[in-house]
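Me: I've got this one open in the viewer and I'd like a close look at a single part of it. Could you pick a starting residue, tell me how it sits, and then connect it to whatever packing is going on elsewhere?

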Amino acid sequence: MCLSKREREFIEDWLRYVEGKMTLKEFVEKWKSEGKDWKAYIRVLRYRISKKYDRMLKDLLLMKKFLDLDLHP
C-alpha cells in the first residue's frame, strides 16, 4: 500500500465531492485543521500525495526499464 489510510480517504472524499456525492462544506468540515485556516491541512495532504506520486513514478520507470531489457540476471 503506497498511500496511508488517511491519504486514501482524503482522495476518495475529494472524488466524492467532484462527483457531487459530497458538498464542499462537508468536505471542509471533515478535513479542516483545528484553529487554523482550513486550506492549510488540505495543502499539506496534497503536498504529501504529490511527493509520494513522484517517488512512485520514478520507481515505476526504473522497473519498466529493467523489465524491458533483453538480458536479465
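**From one phenylalanine to the core**

Reply: Phe66 belongs to helix H3, and bear in mind that we're looking at a predicted model. Its relative accessible area is 40%, which makes Phe66 partly exposed. Setting aside neighbours within four places in sequence, Phe66 touches His72 and Pro73. A nonpolar core takes buried residues, and buried means under 20% relative accessible area, so Phe66, at 40%, doesn't qualify.

So what does make the cut? The largest nonpolar core has seven members: Phe10, Met22, Phe27, Trp31, Ile42, Leu45 and Ile49. H2 and H3 are the elements that contribute two or more residues to this core, and H3 has the largest share, with three. As background, nonpolar side chains in soluble globular proteins tend to be buried together.

Now to H2, which covers residues 24–31 and has Phe27, Val28 and Trp31 as its buried residues. Why do they line one face of the helix? Look down the axis of H2 and its buried residues fall within an arc of 95 degrees, so they sit along one face. Those buried residues pack against two partners, helix H1 (5–18) and helix H3 (38–67). Phe27 shows the pattern residue by residue: beyond its neighbours within four places in sequence, its contacts are Phe10, Asp13, Trp14, Met22 and Ile42. Phe10, Met22 and Ile42 are also on the core list, as is Phe27.

The contact with Asp13 deserves a detour. Asp13 lies in helix H1, and with a relative accessible area of 3% it counts as buried. What does its side chain pair with in a polar contact? That would be the side chain of Lys30, at 2.6 Å. With neighbours within four places in sequence left out, Asp13 also touches Met22, Phe27 and Trp31, alongside Lys30. Met22, Phe27 and Trp31 are all named in the core, so a buried aspartate is in contact with three of the core residues.

For a counterpoint in H1, take Leu15, which is in that helix as well. Leu15 is partly exposed, with a relative accessible area of 44%. That puts it above the 20% limit for buried, so, like Phe66, Leu15 can't be counted in a nonpolar core. Its C-alpha atom is 16 Å from that of Glu29, a residue 14 places away along the chain.

Zooming out, the fold has three helices and zero strands, running α-α-α along the sequence. Is the overall shape compact or extended relative to the globule rule? The radius of gyration is 17 Å, whereas a compact globule of 73 residues would be near 11 Å. Along the principal axes, the C-alpha atoms occupy a box of roughly 55 × 25 × 15 Å. Just 18% of the 73 residues count as buried. The exposed surface comes to about 6400 Å², with carbon and sulfur atoms supplying 60% of it. Among contacts with a separation of 6 or more, 38% join residues 24 or more positions apart.

Methods
Residues are numbered from 1 along each chain as its sequence is written. This is a predicted model: local features need pLDDT of at least 70, side-chain atom pairs count only at pLDDT 80 or more; totals for chains, interfaces and linings use all residues. Side-chain values use heavy atoms; hydrogens and water are left out. Buried means under 20% relative accessible area, exposed over 50%, partly exposed in between (1.4 Å probe, protein chains only). Helices (H or I, at least four residues) and strands (E, at least two) are DSSP runs, numbered from the N terminus. The arc is that of the directions from the helix axis to the C-beta atoms. Contact means heavy atoms within 4.5 Å. A polar contact is a pair of N or O atoms within 3.5 Å; within protein, one must be able to donate a hydrogen and the other to accept it, and residues adjacent in sequence count only if both atoms are side-chain atoms. The radius of gyration is taken over C-alpha atoms; the globule rule is 2.2 Å times the number of residues to the power 0.38. Accessible areas come from the Shrake-Rupley method with a 1.4 Å probe; for residues, only the protein chains shown count as cover. A nonpolar core is a set of buried Ala, Val, Leu, Ile, Met, Phe, Trp, Tyr and Cys residues joined through side-chain atoms within 4.5 Å.
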